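Got the model open? Let's go through it in a few quick questions.

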Amino acid sequence: PTSAQVSVVPHSGRFRYTLDNNLLTTEQRQFYEDNGYLLIKKLVSDEDIERFRKEFTRICKREVKPPGVMIMKNESLRSQFGQSEKVVNKVQDFQEDEELFRYCTLPEVLKYVECFTGPNIMAMHTMLINKLPDSDKQTFLHPMHQDLHYFPFRPASRIVCAWTAMERAHEDNGCLVVQPGTHKTTLKPHGYPELEGKTNKLFHGLLEEDDKIPKVHLVMEKGDTVFFHPLLIHGSGINRTSGFRKSISCHFASSDCHYIDVKNTTQEHLEKELEEMVRKKYNSISMELKDIWNFRARLVQGERINL
C-alpha cells in the first residue's frame, strides 16, 4: 500500500477523528474527538488576510475574472451599489484565482489539515463569504446543516474544513454556530427551509432540527481558524451590524478518499440541482456530480490517488 493508505487508517486506540503526529496535543485531539471542531487562535497573518480582502474587492469590481468562480449576489442591491462588495455575498470555487487559492496552500493551515487528512491533501471546495448587513429579511442566514450533504466522497473522517475569520466574528454579525458532538451522528436529510426570504440557492438546511442539542457561538478574532468535521451540524446567524463579516474557507480531503454514487440517497436531489446549474452555466449536455468535484479539486500536498 502507499504511504497515504497507511497514514489514513484511523488510530486503533482512543482517537477516531485525528491522526498520530506531533502537532496536536492530547487535549486538542480529545476536544476534536468529543466536539467535532478545533479552534486555533491567530493562525493566519493580517498580511495574508489583507491580500485576500484586496483580491475579493477586485473580483467584485470585475477587475479580475477567474475562470470557474461562482459569484453570489443580492441582485436587489445592484441598482443602489453597482458592481461592489456591498452586493456580493459569496465568492465560491476560487481554485483558479492564484491569489485567493494561496489560502489553501498556506503551510500554517496545511500542517493542521494533515492532522485530519493525512499527508496527501486535496483542496476540494473553496469559499470567501461576505455576510451582508441583514437585520430584517434574514436573506443571508445559513440554516443549520452538515457539509457532508454536499460531498460525494468518503470517508467523512478524512475530510475537514478550515474556516478563517477575516475580521472579528461574533453573535451580532453572524458568527458560526455549532452543535458540539453532532459529528458522531449520521448524515441527515436536507432541503430548503420553508420560510420566505431564506431560500438562497444551495443554502440547504436540516429538515428536522433537534433543539435539545446545545448550540455554541464561535466568537473569533481576525486570523483565528476553526477546523471542523463535515458531519458537524453548524450554520451562521444573520448580520445585525452595518458592516460586513468576511471569512475564507476550504474543505480539504485526503486524496485517498473515494467517490460514491449518491443515487437513491438523501443527496440525490442535490445532485440534480447542481447538475442543472452547471448545465446552464457551461451549456453542457450532461455532467455528473463526480465530474463537478473532479473539476474543482486541486492537489495541495503529497500525491493524488483517488480524488
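A quick term before we start: buried means under 20% relative accessible area, exposed over 50%, and partly exposed in between (1.4 Å probe, protein chains only). This is a predicted model, where local features need pLDDT of at least 70, side-chain atom pairs count only at pLDDT 80 or more, and totals for chains, interfaces and linings use all residues. Residues are numbered from 1 along each chain as its sequence is written, and side-chain values use heavy atoms, with hydrogens and water left out.

Q: What share of the residues in the chain is buried?
A: The chain has 307 residues. Taking the buried ones, their share comes to 54%.

Q: Which element gives the most residues to the largest nonpolar core?
A: A nonpolar core is a set of buried Ala, Val, Leu, Ile, Met, Phe, Trp, Tyr and Cys residues joined through side-chain atoms within 4.5 Å. The largest one holds 39 residues. Helices (H or I, at least four residues) and strands (E, at least two) are DSSP runs, numbered from the N terminus. Among the elements giving two or more residues are α3 (46–60) and β4 (121–131), but the top giver, with 6 residues, is α6.

Q: Which residue in β13 stands opposite His145?
A: Strands pair if DSSP finds at least two bridges between them. β5 is joined by 2 bridges to β13 (residues 234–236), and the two run antiparallel. In β13, the residue opposite His145 is His234.

Q: What is the strand order of the open sheet of 4 strands?
A: The pairing here is antiparallel. Its edge strands, each pairing on one side only, are β5 (142–145) and β11 (216–217). The order reads β5-β13-β8-β11.
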